[in-house]
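Colleague: I have the sequence and the coordinates open at the bench. Could you walk me through them piece by piece?

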Amino acid sequence: MSLETRSILMRANRLFGAALVEANLVNMDQLEAANEKLLEAIANGDSRQSSLLGILAYDMKIIQEGDILQHCVDEHGNGMIELRSYEVNEDLRKTLDPDVCWATWTVPFDREEDFTFVATAYYLSPAVRNYWEKQLGGNILWYGTTMEEIGEFIEKLEADRAARPNA
C-alpha cells in the first residue's frame, strides 16, 4: 500500500469514527476498542480488512450497516444504490485506483455529462468526500451502499483489468 493510500485510509477511518460518535451511532468506548482492532488490521497491510465499519458491524457487532445508511438518507439526503446492476464505466475503469477504492470504501460508478455518480459506505467521513471531490472535480451525486456491494464492484473492476491488461 502506498504512503498516500495509507494516509487516506487512516484519515477516512478516523473521521468516520468521529462522525459515528457525533451521530450517537456508537459510543467512545466502542470506538476506542474498534480503533485498536483497526490498527492491528492496518499493521497486517490488507486494506480490505482495514475498515472501522467492518470491525464495528461484523467483528464486534456493535452497529448494523443499515443503521448508518438510514442515517445518511435521513440526515444527509443521500440516495441509495445497488451496484450489482452496474457495469464499470469505461472511462472510470481505466483511471480508478482499486487500492484507494478499498481504503475509502467508495467507487465512482458512472458519469453523465457534468455529473459523476459515487457510491460509498463511508459517506460520513469528510476525508472520503474531500478526497473524491478533489479527484473527480465537477458535480458529484453521492449514494450509499453496503461494503459488500462496494467490495464486489472493486473485485469486478480488478478482474476486468486483469482480463484486459492493455485496454
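Colleague: Which helices do the buried residues of α1 pack against?

Modeller: Happy to help: this is a predicted model, in which local features need pLDDT of at least 70, side-chain atom pairs count only at pLDDT 80 or more, and totals for chains, interfaces and linings use all residues. Residues are numbered from 1 along each chain as its sequence is written, and side-chain values use heavy atoms, leaving out hydrogens and water. In α1, the buried residues (under 20% relative accessible area; exposed is over 50%, partly exposed in between, with a 1.4 Å probe and protein chains only) include Ile-8, Leu-9, Phe-16 and Leu-20. Taking contact as heavy atoms within 4.5 Å, the helices they pack against are α2 (28–43), α3 (52–59), α4 (65–76), α6 (98–104) and α7.

Colleague: How far apart are the end C-alpha atoms of α1?

Modeller: Helix α1 covers residues 3–22, where helices (H or I, at least four residues) and strands (E, at least two) are DSSP runs numbered from the N terminus. The expected span is 1.5 Å times one less than the number of residues. For the 20 residues of α1 that gives 28 Å, which agrees with the distance between the end C-alpha atoms, 29 Å.

Colleague: Which residue just after α1 takes a positive phi?

Modeller: Look just past the end of that helix, where phi is about 60°. The residue there is Asn-24.

Colleague: In what order do the strands of the sheet lie?

Modeller: Two strands count as paired if DSSP finds at least two bridges between them. By that rule there is an open sheet of four strands with mixed pairing, in the order β1-β4-β3-β2.

Colleague: Why is one side of β1 and of β2 left without a neighbour in the sheet?

Modeller: Strands of a sheet pair through backbone hydrogen bonds, either parallel or antiparallel. Both β1 and β2 (106–112) stand at the edges of this sheet, so one side of each has no neighbour, and each has a single partner strand.

Colleague: Which residue of β4 is the bridge partner of Val-118?

Modeller: Strands β3 (residues 115–120) and β4 are parallel, joined by six bridges. On its other side, β4 pairs with β1 (residues 79–80), also in the parallel sense, over two bridges. Met-80 is matched there with Gly-144, while the partner of Val-118 is Trp-142.

Colleague: What is the handedness of the β-α-β crossover from β3 to β4?

Modeller: The chain leaves β3, passes through helix α7 (residues 126–136) and enters β4. With the strands pointing away from the viewer, a clockwise path from the first strand over the helix to the second is the right-handed case. This crossover is right-handed.

Colleague: Which residues of β4 point to the buried face?

Modeller: Side chains alternate along β4 (residues 139–144). Asn-139, Leu-141 and Tyr-143 point to one face and are not buried. The buried ones, on the other face, are Ile-140, Trp-142 and Gly-144.

Colleague: Which residue of the β2 and β3 hairpin takes a positive phi?

Modeller: Strands β2 and β3 run antiparallel and share six bridges, with Pro-108 opposite Val-118. Two residues lie between the strands of this hairpin, and the one with a positive phi, near 50°, is Glu-113.

Colleague: Is Tyr-86 buried or partly exposed?

Modeller: Tyr-86 sits in the loop between β1 and α5 (90–95). Leaving aside residues up to four places away in sequence, its contacts are Ile-81, Phe-109, Asp-110, Phe-153 and Lys-156. Because its relative accessibility is 26%, Tyr-86 counts as partly exposed.

Colleague: What covers the buried residues of α8?

Modeller: Helix α8 (residues 147–163) lies across β2 and β3. Its buried residues are Met-147, Glu-149, Ile-150, Gly-151, Phe-153, Ile-154 and Leu-157. The cover over them includes α3, α4, α5, α6, β2 and β3.

Colleague: What is the radius of gyration of the chain?

Modeller: The chain has eight helices and four strands. Its radius of gyration, taken over C-alpha atoms, can be set against the globule rule, 2.2 Å times the number of residues to the power 0.38. For 167 residues that rule gives 15 Å, so the chain is as compact as a globular protein of that length, with a radius of gyration of 15 Å.

Note on methods:
Axes are lines fitted to C-alpha atoms, for helices over the stretch in contact, and angles run from 0 to 180 degrees between N-to-C directions.
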